Amino acid sequence: MINPMIAANWKMHKTIPEAVAFAKQLKEKFPKPGDVDIVIAPPFTALFPVVEVLKDSPIHVSAQNMHWEEKGAYTGEISAAMLVDAGCEFIIIGHSERRTLFGETGGMLNKKIHAALKSGLKPIFCIGETLEERESGATFRIIQKQIKEGLNNIISDDIRKIALAYEPIWAIGTGKTATPPQAQEVHSFIRKTIATDLEYDRASEIVIIYGGSVNPENTDSLMNQPDINGALVGGAGLDFGSFADIIKISER
Ligand code: PGA
C-alpha cells in the first residue's frame, strides 16, 4: 500500500510570519504520523523558520527549486546542500512554471534530479502537457519524453525515492481540473512508462500525485482513482482550512 502524499506548493506567497503561523496550525491539527504524507513547500525565505516549527512533527518540508551545482558563482541560486542544511527533505523539480517562465529544459531538470538525490533530497518531479499538446493528441508522447529526459540515468535504487507529479498545464490555476478518468489514464501511462522505458520493476510502488486546481470538492473523486496517490496543491494549499480538508479527505 502506498501512503498518499498531499503537498502544498506555496509558490511566491507568504511572509515568514504567515508561513510560521500556517505551520503551527498544521502541526497542531496533524500531530502524529498518519496514513497521509504531508508536505509543505514554502518560499526560500520561510524554509528554515518553518522547519524549526515542524521539528518533532511528521510534516515534511520541501523547497520549490534548486541549482544542480554544489556551489560557485551562480548569483541568485541555491544548492541542494544548502536546502538540506536548512532542513528540507523534499524538492519540487520541473514545475511547469519553471519550465515555461524560466526556460528549464529536460536536460537541466535531469541534472537537478541527480544533484538532489546525491544530497539526500527527495525529488517531486513535475510533468504535464499544454492544452495545445492535449488537443493535438500528443499527451502521451510528451509525458514519455519528459520522463525519459528527466529521469535519464537514474539508478533503480534512486527511482524509488522520486515522486512524480502529473500536472496538466491547462489545469494549473485555471479552475479546470482534469476529470478523474482523464487524470487516471495519464497516471496509469506514467506508471507503465516507468516500468517499461526505465525498466523499473517496482513501478507499482512509485508515488504519482496529481496537480492542477485540486480543492476539497474534487479531492475525493481524484483520490479514488487507482493510480492517483495524492495531490500537489497550489491555490487551495495557501488556505489552512482548505489544505487541512484535502488531507482529511485523503485519509483512508
Ligand atoms: P493550482 O496549482 O492548484 O493552483 O492549480 C497547482 C500547482 O501549480 O502545483
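**Notebook: ligand site, one helix and some loop residues**

I began at the ligand, where one of its oxygen atoms sits 2.7 Å from a polar backbone atom of Ser 213. The model I am reading is a predicted one. Taken alone, the ligand exposes 290 Å², and the protein buries 95% of that.

I then looked for other short distances from ligand oxygens. An oxygen atom of the ligand lies 2.7 Å from an N or O atom in the side chain of Glu 167. For Gly 235 I noted a polar backbone atom 2.8 Å from a ligand oxygen. The shell holds 13 residues, and the closest are Lys 11, His 95, Glu 167, Gly 173 and Ser 213. I sorted the shell by type: 4 residues are nonpolar, 7 are polar and 2 are charged.

**His 13**

I found His 13 in the loop between β1 (5-9) and α1 (16-29). Is His 13 buried or exposed? Neither label fits, because its relative accessible area of 39% makes His 13 partly exposed. I looked up its contacts, leaving aside neighbours within four places in sequence, and got Pro 43 and Leu 238. Pro 43 is 30 residues from His 13 in sequence, yet their C-alpha atoms are 7.0 Å apart in space.

**Helix α2**

Next I listed the buried residues of α2, which spans residues 44-53: Ala 46, Leu 47, Val 50, Val 51 and Val 53. They lie on the same side of α2, because they cover an arc of only 145° around the axis. The general rule is that an α-helix has 3.6 residues a turn, so residues three or four places apart point the same way. I also checked what covers these buried residues of α2; the cover includes α1, β2 (37-41), β3 (60-63) and α3 (80-85).

**Positive phi**

I went through backbone angles next. Most residues other than glycine have a negative phi. Asp 56 is not a glycine, but its phi is positive, about 60°. I placed Asp 56 in the loop between α2 and β3. Asp 56 counts as exposed because its relative accessible area is 78%, and the cut-off for that label is over 50%.

Glu 199 has a positive phi too, about 50°, and is not a glycine either. Its loop runs between α9 (180-196) and β7 (208-211). At 66% relative accessibility, I entered Glu 199 as exposed.

**Glu 205**

Glu 205 also lies in the loop between α9 and β7. I entered Glu 205 as partly exposed, at 43% relative accessibility. Not counting neighbours within four places in sequence, Glu 205 is in contact with Ile 2 and Arg 191. Arg 191 is 14 residues from Glu 205 along the chain, with 9.2 Å between the C-alpha atoms.

**Asn 110**

My last entry is Asn 110, in helix α5 (residues 106-119). Asn 110 is buried, because its relative accessibility is 11% and the label needs under 20%. Which backbone oxygen does the side chain of Asn 110 reach? I found that of Gly 150, at 2.8 Å. Setting aside residues up to four places away in sequence, Asn 110 touches Glu 149, Gly 150, Leu 151, Asn 152 and Ile 154.

Definitions and conventions:
Residues numbered from 1 in each chain as written. Predicted model: local features only at pLDDT ≥ 70, side-chain atom pairs only at ≥ 80, totals over all residues. Heavy atoms only, no water. Near = heavy atom within 4 Å. Polar contact = N/O pair within 3.5 Å; in protein donor to acceptor, adjacent residues only side chain to side chain. Areas by Shrake-Rupley, 256 points an atom, 1.4 Å probe, with all protein chains shown as cover. Nonpolar A, V, L, I, M, F, W, Y, C, P; charged D, E, K, R; others polar. Helix = DSSP H or I, 4+ residues; strand = E, 2+ residues; numbered from the N terminus. Buried < 20%, exposed > 50% of the residue type's maximum accessible area, 1.4 Å probe, protein only. Contact = heavy atoms within 4.5 Å. Arc of directions from axis to C-beta.
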